[in-house]
Amino acid sequence: MTAPDDAHGRADELIERLRTRVQQRRDAGEYPQGLEADLDAHFQRIAGQRPGDLESVRAALVYLEGTMGFDPARIHTASNLRGGDLVHRGIAKAVSRQTEGVLEQVRVFAEAVRDTLQALLSAMEFPTTHEHAELIEQVDTIVERIASFERVDSGAPVEIEVLRRRIEELEAAEARREFHPWFSNQRFEDAFRGTAEDLQKRYEDLAREFVGVGGPVIDIGCGRGEFLELLRDLDVDAFGVELDPELVRADIDRGLVVEHGDGLLRLAAETDGSLGGIVLIQVVEHLSAQQVADLVQLAAEKLISGGRIVVETVNPQSLYVFAHSFFVDPTHAWPVHPAYLDFLFREAGFKEVLMRWRGLPDEEESLDELPEEGKEAENENIRRLNRLIFGPQDYAIVAVR
Amino acid sequence: MEIHQFLAAASSGDAVTNSALRFREVLRQIGPSEIYSHHLDAGIAGEVLPLDAYAVRPTARTGENLLLYHLSIGSVDVASFLLRRRERVGIVYHNITPSRFFRPYDAEFADVLDDGRRELAMMRDRASFAFAVSPYNARELESLGYPHVSLTPLIVDVQELAGIRPDPGMSQYLDTQMDGPLILFVGQVLPHKRPDLLLAAFHVLNTYLLPEARVAFVGPGRVAAYRVAVGRYARELNLTRAWLTGWVRDEELVAFYRAADVLVTTSEHEGFCVPLLEAMAFEVPVVARAFAAIPETVGDAAVLLPEADDPLLLAEAVKEVLDNDGLRHSLVAKGRARLKQFEPDVARAAFAEQLLAVV
């Protein structure tokens, strides 16, 4: 390894060698006299130039006009010497013809100068008539760079055209899928979901699942906020996320903590292992198959150990549901089968997965059994039909992480 | 306690912003950590928060956080903000370019730099400690009477840049449309970086020594009057083989580094100078001038010219590096060795160690 001093020595040696070579070239007359000084002065001159502005040129022209009254009378004949005035006037008179002649030439010259300057000014006022060197240089750079891209033959325009068409197709498909009703979701919920009191009574048991979960609870698609109110009454730290801005405003007015936005995106943004609970009441039937599967995995990531998720949805095992409620909501995508959802939660590693059947249709609606004796076979068939047709309308899965 | 960083201005590609982003990677391993800046470029808005956003942090009320202020230009807003706060403040000093370079071209910006110098003096009593990114900067802080100055090298990952695929269009252009050896200047076209001196040297080289050479100045010119003067100088000297490219993307910068035969840094003021390390990573030999922190950054891995303005000597040095294979190979090898001292992991560890000493 070389000692630093050595390295320094060699570096100095190199610089010295370079210096000598410069001197040799200079001595051999390879460089013109004063080259560095000329180069430096050249740059300093350019750097010292500042563009003038048209206003000051115009002002100078006005001043020029004001100085253009040529008259022999404006030539002073006063003198400090005694009798000097007389001598001056005498001489002036004697050469008045010559003076007039000179003044005439000056007048013609001055007018030519003024006209030239005015022509110059009007040329400057129209930038297209003269060159902006720096702009041209910048344009040159841009043209150069565009040319460099054009030289690459990648067939990109064709690919872009294909992509553009594909995007248009996808956008059209997306537009067909979207639903933007003119009626308010608030009115829709009021008409089909029942009163706030009905719902609170219906969900009291599920809300109690979250007491003491040890972390904040997120209610995804919280709608009119009935579940959040139940949680608040139970002193559970909770907030909601809702897509419909009108519902969000109403919730906030009622003092609930509700954000406007896509609940799934909001869930994804949470820190892993930070949530005590997740609530999805009548939400999953609105999602795509991919979203449902992803949601369960996401929930597993975001919940703390011992955290809980409650998913309540329509029960496709009950045919009654299809006749009465499922198709009332035009935004329902596909019912989620309880066996599948149970499978998803177990696969995602939830410790405990409990199924709660809910909302049995009124008994009056179901088929009556035959009262006569000896109709056991028929009655068994009736019971089977009742189970199939009039099964619980909803189910809830309570899963513990 | 949380540690947060503060900048006067943040923009993507800016060396000071980059260093704050790298520090943040380390800080986030300790706890929550954000970067706040008074001015924000649109391109960086997702990464860096506006200055006002700090006050609404729940922990800002405790007064127990540690605030790191990256000083490189003046900002009355950031300085007065920090002077008002109760938290402990540390300075990360990147150096402030002396205003005399800018005064003839942009008096307003020169004033901002002077403000920066005043703030640096003002912050001395407010700062509990200071990190300097080079020994040169450390000496300056100590001469201002700063207590507890420690050397904290920038975390620079030049290998990351070296790993980027060069822009195919630019590579093809440089390979096929530009003949002759390519001299590269990387950095903003600003007065203290002296691209005018390189143009003068290039004129000498082009006219008397190496007519086939080319030069590319890669970087934006944010001071219009100076940028225009440099462009006009090249035009008036009829240097058709000089190219001022303006701002380029990283992929294009990589194409330039890969095509370059020598990197020339004419700068007269640098607090660290990252392009020197980038050139080493691309195995491009370096010619520089012995100003400010430059000798400390390059070590022996460059031809280091004395401070005097000498376009003839600079031209001769560039020619020597281009002609002399032995010298070129030795500079590249020394560059490779030099780079080891700036390994990002080493710098990260040094930063973490300095932090531990002050928290």
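Student: What volume does the largest cavity have?

Tutor: About 50 Å³. Keep in mind that this is a predicted model.

Student: What makes it a cavity and not a pocket?

Tutor: A cavity is a set of points where a 1.4 Å probe fits but cannot get out, whereas a pocket is an open set. The structure holds 2 cavities of 30 Å³ or more, and the second largest also has a volume of about 50 Å³.

Student: Which residues line the second largest cavity?

Tutor: Among them are A279(B), M280(B), V332(B) and G335(B). Helix α13(B) gives the largest share of that lining, 3 residues.

Student: How do the residues of that lining divide into nonpolar, polar and charged?

Tutor: There are 8 nonpolar, 1 polar and 1 charged. Glu counts as charged and Gly as polar, and the lining includes E283(B) and G335(B). For the largest cavity, the split is 4 nonpolar, 4 polar and 2 charged.

Student: Now chain A. Why is strand β7(A) described as largely enclosed by the rest of the structure?

Tutor: Buried means under 20% relative accessible area. In β7(A), 7 of the 7 residues are buried, so the strand is largely enclosed.

Student: Which residues of β7(A) point which way?

Tutor: D394(A), A396(A), V398(A) and V400(A) point one way, while Y395(A), I397(A) and A399(A) point the other. In a regular strand, side chains alternate between the two faces of the sheet.

Student: How do you know that β5(A) and β7(A) pair?

Tutor: Pairing takes at least two bridges, and these strands have 7, in the antiparallel sense, so they count as paired. One of the bridges matches V310(A) with V398(A). Strand β6(A) also runs antiparallel to β7(A), joined by 7 bridges.

Notes
Residues numbered from 1 in each chain as written. Chains lettered and ligands numbered in written order. Predicted model: local features only at pLDDT ≥ 70, side-chain atom pairs only at ≥ 80, totals over all residues. Heavy atoms only, no water. 1 Å grid on protein atoms, 1.4 Å probe; cavity = no way out; pocket = protein on both sides within 12 Å on 5 of 7 lines; lining within 4 Å. Points joined across faces, edges and corners; volume = space filled by probe spheres on them. Helix = DSSP H or I, 4+ residues; strand = E, 2+ residues; numbered from the N terminus. Buried < 20%, exposed > 50% of the residue type's maximum accessible area, 1.4 Å probe, protein only.
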